[in-house]
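Thanks for coming. I have one structure today, and I will go through a pocket and then a strand.

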Amino acid sequence: TFTSINLALSIAREKDVSVLLIDADVAKPHVSRILGLDQEKGLLDALRDTSLQIEDLILATDVRGLSVLPAGAPAENATELLASDRMQQLMRRMLALNPNRMVLFDSPPLLVTSESRVVATMVGQVVLVVCADRTPQKAVFDSLDILGQGKSVGIVLNQGGESSGSYGYGRPFAESLKGN
């Protein structure tokens, strides 16, 4: 969630691009909670109720170029709703509303829920967030296997410190240059 929000904020600063951040972590909608939108109608509501227009549920923020679609009210059949034809229709509608808009999904961990696997099948690119010194290497490889070779995947190493590697912009790299 931290990475999703920061990525959305960063991209929204671009000149000709806007960002729609969708809270698709429907079991634990942290984006909605952090932004104070956890009581607002959102994605799951639009998937359940065909009379709701998706553009009416997208909320502007005080950050120019950034809007948010909250998760909405919880649903026991969230995976099925996310995998539905209605979701495909909503995706097409969200993209058609603004062709210069980048749509970012915040989703739960890939190996923990089926919702994240469904969301991953709908997107063009995936950013896999790996926690330094905590995420097992096997979990990273299992996640990459689930995503498949045809998917564009980037990896963000999160919570890295000086012990996470010996090269980069931090002290270990600088110290390696002292002897040269």
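Six elements each supply at least two residues of the lining of the largest pocket: helices H1 (2-12), H6 (85-97), H7 (114-122) and H8 (137-147), and strands S4 (101-106) and S5 (125-131). Keep in mind that this is a predicted model. Among the contributors, S5 gives the most to that lining, with 7 residues.

How much space lies in the largest pocket? The figure is about 1,200 Å³. The lining has 42 residues, and those closest to the pocket's centre are Ser4, Ser107, Val127, Leu128 and Val129. By residue class, the lining divides into 27 nonpolar, 12 polar and 3 charged.

Now the strand. S1 covers residues 18-23, and 6 of its 6 residues are buried. In a regular strand, side chains alternate between the two faces of the sheet. For S1, one side has Ser18, Leu20 and Ile22, the other has Val19, Leu21 and Asp23, and all of these are buried, so both faces are covered. Buried here means under 20% relative accessible area.

Which strands do bridges join to S1? One is S4, which also supplies residues to the pocket lining; 6 bridges join S1 to S4, and the two run parallel. Within that pairing, Ile22 has Phe105 of S4 as its bridge partner. Another is S3, residues 66-69, joined to S1 by 4 bridges, again in parallel. There, Leu20 has Ser67 as its bridge partner in S3.

That is the pocket and the strand. I will take comments now.

Methods
Residues are numbered from 1 along each chain as its sequence is written. This is a predicted model: local features need pLDDT of at least 70, side-chain atom pairs count only at pLDDT 80 or more; totals for chains, interfaces and linings use all residues. Side-chain values use heavy atoms; hydrogens and water are left out. On a 1 Å grid over the protein atoms alone, a cavity is a set of points where a 1.4 Å probe fits but cannot get out, and a pocket is an open set with protein on both sides within 12 Å along at least five of seven lines; lining residues have an atom within 4 Å of a point. Grid points are joined across faces, edges and corners, and a volume is the space filled by probe spheres set on the points. Ala, Val, Leu, Ile, Met, Phe, Trp, Tyr, Cys and Pro count as nonpolar, Asp, Glu, Lys and Arg as charged, and the others, Gly among them, as polar. Buried means under 20% relative accessible area, exposed over 50%, partly exposed in between (1.4 Å probe, protein chains only). Two strands pair if DSSP finds at least two bridges between them.
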